[in-house]
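Grab the viewer and work through a few exercises on strands, salt bridges and nonpolar cores. Try each task yourself before reading the solution.

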Amino acid sequence: MEIKMIQFQPHGDERGMLIALEEKKNIPFEVKRVYFMYGTKPEIHRGKHAHKSLKQVLFCPCGACTISLDDGKEVKEVRLDKSTEGLLVEACMWREMYDFTSDAVLMVLASDYYDEDDYIRDYEEFLQYINI
Ligand code: T46
């Protein structure tokens, strides 16, 4: 499985830093939704699902957390601890998010609106869906 990180260009001057995210430019899809998570306790695992068609870019503008991605064949972990780097998560990837620092904000840009029908929340069903 290839992990796809997107490097964000920081614009800095004596006032501080700025990062711009633009659909179809540094974000490789049309962005229909933005959401973020904060206040996640360190012992908590979020996610534990896959999406049938949703694509997303995940990053931590502050703090850090770990994402695991499972394509049904292998599992890889990515530590998101830089505001300048996003993780592209394609469809049909089982994901979990954990080891949140107390200051972590996990920001997500999504290619579509919220739709519970796009979720696969059972791991065996996920394996069947991707024909494994
Ligand atoms: C994902 C990972 C990275 C909404 O009402 N609208 C939304 O856009 C979202 C994302 C969630 N919700 C509601 C549904 C639940 O009642 O917020 C509650 C928490 O959602 P969920 O348990 O799905 O959150 P996570 O952290 O397990 O997963 C989320 C996204 O749902 C998911 O698409 O890929 O973050």
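Some ground rules come first, then the exercises with their solutions.

This is a predicted model, in which local features need pLDDT of at least 70 and side-chain atom pairs count only at pLDDT 80 or more, while totals for chains, interfaces and linings use all residues. Residues are numbered from 1 along each chain as its sequence is written, and side-chain values use heavy atoms, with hydrogens and water left out.

**Exercise 1. Work out how strand β9 (residues 85–89) is enclosed, and by what it is paired.**

Step 1: get the terms straight. Strands are DSSP E runs of at least two residues, numbered from the N terminus. Buried means under 20% relative accessible area, exposed means over 50%, and partly exposed is in between (1.4 Å probe, protein chains only).

Step 2: check burial. Five of the five residues of β9 are buried, so the strand is largely enclosed by the rest of the structure.

Step 3: look at the two faces. In a regular strand the side chains alternate between the two faces of the sheet. Here E85, L87 and V89 sit on one side and G86 and L88 on the other, and all of them are buried.

Step 4: find the partners; two strands pair if DSSP finds at least two bridges between them. Strand β1 (residues 4–7) runs antiparallel to β9 over four bridges, with I6 bridging to G86. Strand β6 (residues 56–62) also pairs with β9 in the antiparallel sense, over three bridges, and there L58 stands opposite L87.

**Exercise 2. Track down the salt bridges made by E90, K32 and E85.**

Step 1: apply the cut-off. A salt bridge is a side-chain nitrogen of Lys or Arg within 4 Å of a carboxyl oxygen of Asp or Glu. The whole structure has seven.

Step 2: take E90, whose side chain meets that of K4 at 3.3 Å, N to O. E90 lies in the loop between β9 and β10 (94–98) and K4 in strand β1, so the pair ties together parts that are 86 residues apart in sequence. E90 is partly exposed at 27% relative accessibility, and K4 is partly exposed at 32%.

Step 3: move to K32, which pairs with D112, their closest N and O atoms being 4.0 Å apart. K32 is in the loop between β3 (16–19) and β4 (33–38), and D112 in the loop between β11 (105–110) and β12 (119–120), so this pair links parts 80 residues apart in sequence. Accessibility puts K32 at 37%, partly exposed, and D112 at 34%, also partly exposed.

Step 4: finish with E85, which meets K82 at 3.7 Å, N to O. E85 is buried at 15%, whereas K82 is partly exposed at 39%. Salt bridges with shared partners join D81, K82 and E85 into one network.

**Exercise 3. Which residues of the largest nonpolar core touch the most other members, and which strands supply the core?**

Step 1: define it. A nonpolar core is a set of buried Ala, Val, Leu, Ile, Met, Phe, Trp, Tyr and Cys residues joined through side-chain atoms within 4.5 Å.

Step 2: name the hubs. Among the 17 residues of the largest core, L58, I67, L69, L80, L87 and L106 touch the most other members.

Step 3: sort by strand. At least two residues each come from β6, β7 (65–70), β8 (75–80), β9 and β11, and β7 gives the largest share, three residues.

Step 4: zoom in on I67. Beyond its neighbours within four places in sequence, I67 has contacts (heavy atoms within 4.5 Å) that include L58, L80, L87 and L106.

Step 5: don't miss the other one. A second, separate core holds eight residues, including F8, V57, F59 and L88.
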